[in-house]
Amino acid sequence: MNAATLWQRAETYAKQGQWAAALTAYDGVLEHDPNHVMAMLRASRMALSLGRYRDSREYAVRALAARPQGDEAVLNLARALRLFNEPALLMECLAHSRWQERRSAAWLTEVAMLVSTSGENELAMQLLDLAVQRDPRHAPARYFRGVVHMFFGQMEQAEGELEQCIAILPTYAQAHWVLSRLRKQTPENNHVARMKALIPRVPAGSESRVYLAYAVHNEAHDIGAYDESWQALEHACRTKRQLSPHDRTDARRMYEGLAKLCDADFVAAGQAHADEPAPYRPVFVVGMHRSGSTLLEQLLGGHPDVTDGGETYSFASQMRYFADYRSRGVLDAELVRRADKVDYAALGRRFLEHTAARAKGRAVLTEKLPSNFLHLGFIARALPHARILHMVRDPVDTCFSNLRTMFSDVNTFSYDQRKLAEWYGQYRGLMAHWHAVMPGRIMDVRYDELVADPEGVMRRVLAFCELPWDTAATTLDRPGAVATASSPQMRGGIIKDRKAAWAPYADRLGPLLEALAPWREPQASP
């Protein structure tokens, strides 16, 4: 059977969901033509669908070695490398892509988005500059230029790009959402009426409707229209629950599995390779999302011996690789089930090898993915010299901030008060377990203390991380991109008098407040 016939057969099997048969056919194509890039990329997708994570990655690496040039092949390869969290390989793919010659604004914009999620925001802006040269009215390019300007703290430029996007395509809901977060809105200067007029034009039950509802909530909250703000938030959460349901059973099994597997003996086994040389010391900043982890990492990143690595899935990707399984989210019950077979010494070495370049020769590299609190037992086992900073903030402030944040396809628990409180309790229980099985390995950093006394807290943090004191670790006044949900807040300095955003909605937050009561301290009340 020739390659063309095998290709058609493979495509038919893939459309029918017969992944094993499709993979066999794609492999047949590769036997005829070992450099058939699209067959490699299709085979990668089939292997991933079959649960063969490592094989899927290897097909993508083979495709990279073939140096693809076509628009579809390069874009699909870039998507695959991003999925496997391979930023260095993604940059290699782009370097050989002749992207400066590409004509499609859509192609350039999507590649810019992939590049940005790997932390290369300056390169992303170059791609976007070219995209708007190719097509000044390409709304996604204008939108994402606004986002990258926001990451760099260039709020006026961000607002200008987002308004251009909306002028081109008024129903581009994500642009309204980002615009709502750039600054505090005022009764005299806001976009609430404009957004409300657009709601009927956005499909009900869609992700776009969610973004628009969150945007209305943000701005109505700023101007004190709390009834309107709450209605928009309820609508956003209700729709998001339907689009991204939370699997409570899997979460419970995951938490129970972690506590059972990762006992003190499990963690202590990592000390056997504690003296192995390492190119840098990793510092993991963990906690609930919206607890102040970005603030802590940005302060740490001011130290001359520290490179702030941002939010990446670097450790989660290594867990997936060694478990040969792609988890749902950063971790799930099945990955925990497989975790007792992982070679943690090899995982630690591979993690350091894959991230060493990001440290830029400095002594410390931070990794600020808050949900890495789930991985702490594995981190302690694989990286015995790592430091762990746990950001702690008032439970109601933290959970309400989660409730009112659009998290795309993660944190599915955050769109329902009861499920959010349940997850918070599971998180607190797991953190207590980690403290018990690895005493002295985790430093709790309290948000209220950090904003009230940055120098005092950062002295303790630096000492814990075995870093010399430097006043540069007490200020946010430095260049660079902040590519997290807290990006706008990082540009105005440390906010010391932040009010309880949830207070105007206290009478609507009964389920959340009741469930969080055991975790609250007396001074947390408004």
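Which helices each supply at least two residues of the lining of the second largest pocket? Helix 3 (37-49) and helix 5 (71-83) do. The model is predicted. This briefing covers that pocket, then an open sheet of five strands.

**Second largest pocket**
- The space in the second largest pocket comes to about 230 Å³.
- Its lining has 14 residues, and the closest to the pocket centre are Arg-45, Asn-76, Arg-79, Ala-80 and Leu-83.
- Helix 3 gives the largest share of the lining, with six residues.
- Sorted by class, the lining holds seven nonpolar, four charged and three polar residues.

**Open sheet**
- Five strands make up the sheet, in the order 2-3-1-4-5. Their pairing is parallel.
- Strand 2 (306-308) and strand 5 (442-446) are the edge strands, so each pairs on one side only.
- On average, neighbouring strands of this sheet are turned by 25° against each other, with direction ignored.
- Strands of a sheet pair through backbone hydrogen bonds.

**Strands 1 and 4**
- Four bridges link strand 1 (residues 281-286) to strand 4 (residues 387-392), and the two pair in the parallel sense.
- Phe-284 stands opposite Ile-388, a residue in strand 4.

**Helix 23 on the sheet**
- Helix 23 (residues 417-437) lies across strand 4 and strand 5.
- Relative to strand 5, helix 23 runs at about 135°.
- Strand 5 is also an edge strand of the sheet, while strand 4 pairs with strand 1.

Methods
Residues numbered from 1 in each chain as written. Predicted model: local features only at pLDDT ≥ 70, side-chain atom pairs only at ≥ 80, totals over all residues. Heavy atoms only, no water. Axes fitted to C-alpha atoms, helices over the stretch in contact; angles between N-to-C directions. Contact = heavy atoms within 4.5 Å. 1 Å grid on protein atoms, 1.4 Å probe; cavity = no way out; pocket = protein on both sides within 12 Å on 5 of 7 lines; lining within 4 Å. Points joined across faces, edges and corners; volume = space filled by probe spheres on them. Nonpolar A, V, L, I, M, F, W, Y, C, P; charged D, E, K, R; others polar.
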